[in-house]
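Dear colleague,

Please find below the structure that I am handing over to you. My findings follow directly after it, and I would ask you to read them with the structure open.

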Amino acid sequence: MKKISCIFLTFFSLLSVGAQDTLRLDIDQCRKRALKYSQNMQRSNNALQQAELTRNSMITNFFPQVDGSATVMYTEDQRLLDSPMGNIDMLMHGAYMCGFTLKQPLFAGGKIINGHRLTKVGVEVAKEQQRQQQAQTLAEVENAYWTYVAVLSKERLLEEYCHNLDTLFFQVESSVAAGMATDYDLLQVSSARSNLAYQRLRTQGGVTLCRLSLSQLVGVPSDKTILLPDTSLPSVNPPSFSPDFSSRPELRLLQLAVDAADLQVKMKRADYLPTLGVGLGYNWVGNITLQGGLTLSQLGAIPITPPVEIPIDKTFDIHTPVLAISLSVPITQWWRGSYEIRKAKLEAQNSRLEQEKNTDLLRLEVQQAIYNVESGCALITSSKQALAAAEEQLRVAQNRYSVNIIPLSELLEAQAKRQQAESDCIEARTQYLIYLAEYRRVTGSN
């Protein structure tokens with residue numbers, strides 16, 4: 001009954017796997033897909049576009065600013081004069097006023113040009129942050145890829161070891177039936193098989209988690225596609241290590257932070273310098289009508305007989321050009337400004353101190369990465385030697401067990417040591433590849 005259940009479970013598992021697509025990717029394909037589908041990379045690309053738009057917006061401050069306005073008014077008649085001499089009304093039924101003004105700053109204390117330089121620094125910062133995110137994304141995908149490869153290799157190793165134990169189990173079972181082995185020997189093999197089944201279950205869980213992690217990084221829908229990497233680990237070719245990290249984006253970002261702080265000092269100083277600007281304009285005022293009349297009954301002390309009636313009906317249409325020059329000189333704010341400028345200078349000094357401290361930390365990080373790669377090479381060499389020794393020990397144990405020189409327990413121990421040695425070899429090579437990816441990241445050589 002138990003065997004039948006296992007057969008049905010395996011059958012339905014194969015059906016579920018067959019309903020999904022299988023995608024095979026090597027490390028280069030994973031790197032390209034990660035750069036394309038990473039949300040962090042897309043955000044860094046958007047940040048770069050925003051910085052470029054800010055710079056383009058700042059360029060418009062070098063050109064004159066032109067404003068236009070237009071107003072049409074409808075209102076009641078306004079009585080301007082109401083006396084025995086007559087009356088005058090102002091009619092504004094559709095009066096209009098329109099015009100334009102042109103403003104051009106001639107001197108703003110350097111705020112415009114330094115503001116433009118600051119936006120250029122912002123574009124450079126966005127570019128370096130994009131490079132930094134690219135290096136981080138590549139390091140993450142390589143870590144996930146080689147970890148997935150290692151777990152798959154260990155799973156394949158356990159399957160091979162399981163096949164060997166199954167073969168040994170049937171041999172011992174036949175020997176027990178023939179009276180050439182004891183039940184205790186059969187229990188030892190059964191115990192080893194149970195322990196191996198536990199390890200395989202843990203490894204299968206690790207395979208699933210690693211597959212999901214890599215699928216998320218490379219933009220593969222994990223519920224529809226089974227991602228399988230190239231499980232062949234590349235040969236170890238240690239590069240020529242160099243402690244140079246001058247091309248690392250973090251180093252450039254530190255320098256850009258110093259440049260931005262220096263520009264902030266100039267911007268703060270510009271707040272307390274005189275500003276000079278010129279303005280041009282032209283205004284139109286029209287459709288304003290004066291209606292009414294005046295009665296002149298005397299001219300000075302001389303009476304006028306009969307009185308003279310003067311009708312008034314005048315529509316105004318005025319066009320006036322305007323030229324203005326403005327100069328603003330802060331007088332009492334210099335006291336406060338001196339403190340603000342000193343504060344900005346201290347902030348710039350802090351940026352330089354931060355640059356020195358973080359440069360030392362980056363140098364230390366590179367040295368640590370070089371040490372890790374070198375130690376990874378040493379671990380690979382050591383694990384290969386241990387694997388060769390374990391294989392030789394297993395060969396000798398198999399020969400001796402076949403002629404009943406050693407007990408079954410020593411053969412099982414030799415098989416377990418060989419399996420552990422090969423697992424250590426896989427882990428050493430995988431860890432070396434992860435260390436190598438980290439070395440490329442910290443030296444800016446991705």
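Leu327 is exposed, with a relative accessible area of 59%, because that value lies over the 50% cut-off for exposed residues. Please bear in mind that this is a predicted model. Leu327 is found in strand E8, and its side chain belongs to a nonpolar surface patch of about 740 Å². The other members of the patch are Leu106, Phe107, Leu276, Ile325, Val329 and Ile331. Two strands, E5 (93-107) and E8 (302-328), each contribute at least two residues to this patch.

Helix H6

Helix H6 covers residues 249-270, which makes 22 residues. From its first C-alpha to its last it reaches 31 Å, close to the 32 Å expected at 1.5 Å a residue. Which residues of H6 are buried? They are Pro249, Glu250, Leu253, Leu254, Leu256, Val258, Ala261, Leu263, Val265, Met267 and Ala270. When you look at such a list, it helps to recall that an α-helix has 3.6 residues a turn, so residues three or four places apart point the same way. The cover over the buried residues of H6 includes helix H4 (111-177), helix H7 (334-402) and helix H8 (408-442).

Salt bridges

How many salt bridges does the structure hold? There are 17. As background, side chains of opposite charge can pair when their charged atoms come close.

One of these salt bridges joins Lys111 and Asp271, whose closest N and O atoms are 2.2 Å apart. This pair links distant parts of the chain, since Lys111 sits in helix H4 and Asp271 in the loop between H6 and strand E7 (275-299), 160 residues apart. Lys111 counts as partly exposed at 32% relative accessibility, and Asp271 likewise counts as partly exposed at 32%.

Another salt bridge is formed by Arg248 and Glu365, with 2.9 Å between the closest N and O atoms. Here too distant parts of the chain are linked: Arg248 is in the loop between strand E6 (225-229) and H6, whereas Glu365 is in helix H7, 117 residues apart. Is Arg248 buried or exposed? Arg248 is buried, because its relative accessible area is 2% and the cut-off for buried residues is under 20%. Its partner Glu365 is partly exposed, with a relative accessible area of 28%.

Glu365 also meets Arg441 in a salt bridge, at 3.1 Å from N to O. Glu365 lies in helix H7 and Arg441 in helix H8, so this pair ties together parts that are 76 residues apart in sequence. Arg441 is buried, with a relative accessible area of 12%. Arg248, Glu365 and Arg441 belong, together with Glu250 and Glu438, to a network of salt bridges. Glu250 has already appeared above among the buried residues of H6.

Aromatic pairs

A pair of aromatic rings is described by the distance of the centres and the angle of the planes. The structure has three aromatic pairs. One of them is formed by Tyr145 and Trp146, which are edge-to-face, with 5.0 Å from centre to centre and 85° between the planes. The term edge-to-face applies because the angle of 85° is over 60 degrees. Both rings belong to buried residues: Tyr145 has a relative accessible area of 1%, and Trp146 has 6%.

Tyr282 and Trp284 form a pair that is tilted, with centres 4.8 Å apart and 55° between the planes. Tyr282 counts as partly exposed at 26% relative accessibility, and Trp284 counts as partly exposed at 28%.

The surroundings of Ser215

Ser215 lies in helix H5, which covers residues 183-218. Ser215 is buried, with a relative accessible area of 1%. Which residues is Ser215 in contact with, leaving aside its neighbours within four places in sequence? They are Val220, Ser222 and Leu227. Ser215 and Tyr145, the latter a member of the edge-to-face pair, are 70 residues apart in sequence and 9.6 Å apart in space, C-alpha to C-alpha.

With kind regards

Conventions: Residues are numbered from 1 along each chain as its sequence is written. This is a predicted model: local features need pLDDT of at least 70, side-chain atom pairs count only at pLDDT 80 or more; totals for chains, interfaces and linings use all residues. Side-chain values use heavy atoms; hydrogens and water are left out. Helices (H or I, at least four residues) and strands (E, at least two) are DSSP runs, numbered from the N terminus. The expected span of a helix is 1.5 Å times one less than its number of residues. Buried means under 20% relative accessible area, exposed over 50%, partly exposed in between (1.4 Å probe, protein chains only). Contact means heavy atoms within 4.5 Å. A salt bridge is a side-chain nitrogen of Lys or Arg within 4 Å of a carboxyl oxygen of Asp or Glu. Patches are made of residues with over 30% relative accessible area and no salt bridge: like charges are joined within 9 Å, nonpolar side chains (Val, Leu, Ile, Met, Phe, Trp, Tyr) within 5 Å. Accessible areas come from the Shrake-Rupley method with a 1.4 Å probe; for residues, only the protein chains shown count as cover. Rings of Phe, Tyr and Trp (its six-membered ring) pair if their centres lie within 6.5 Å; planes under 30 degrees apart count as stacked, over 60 as edge-to-face and the rest as tilted.
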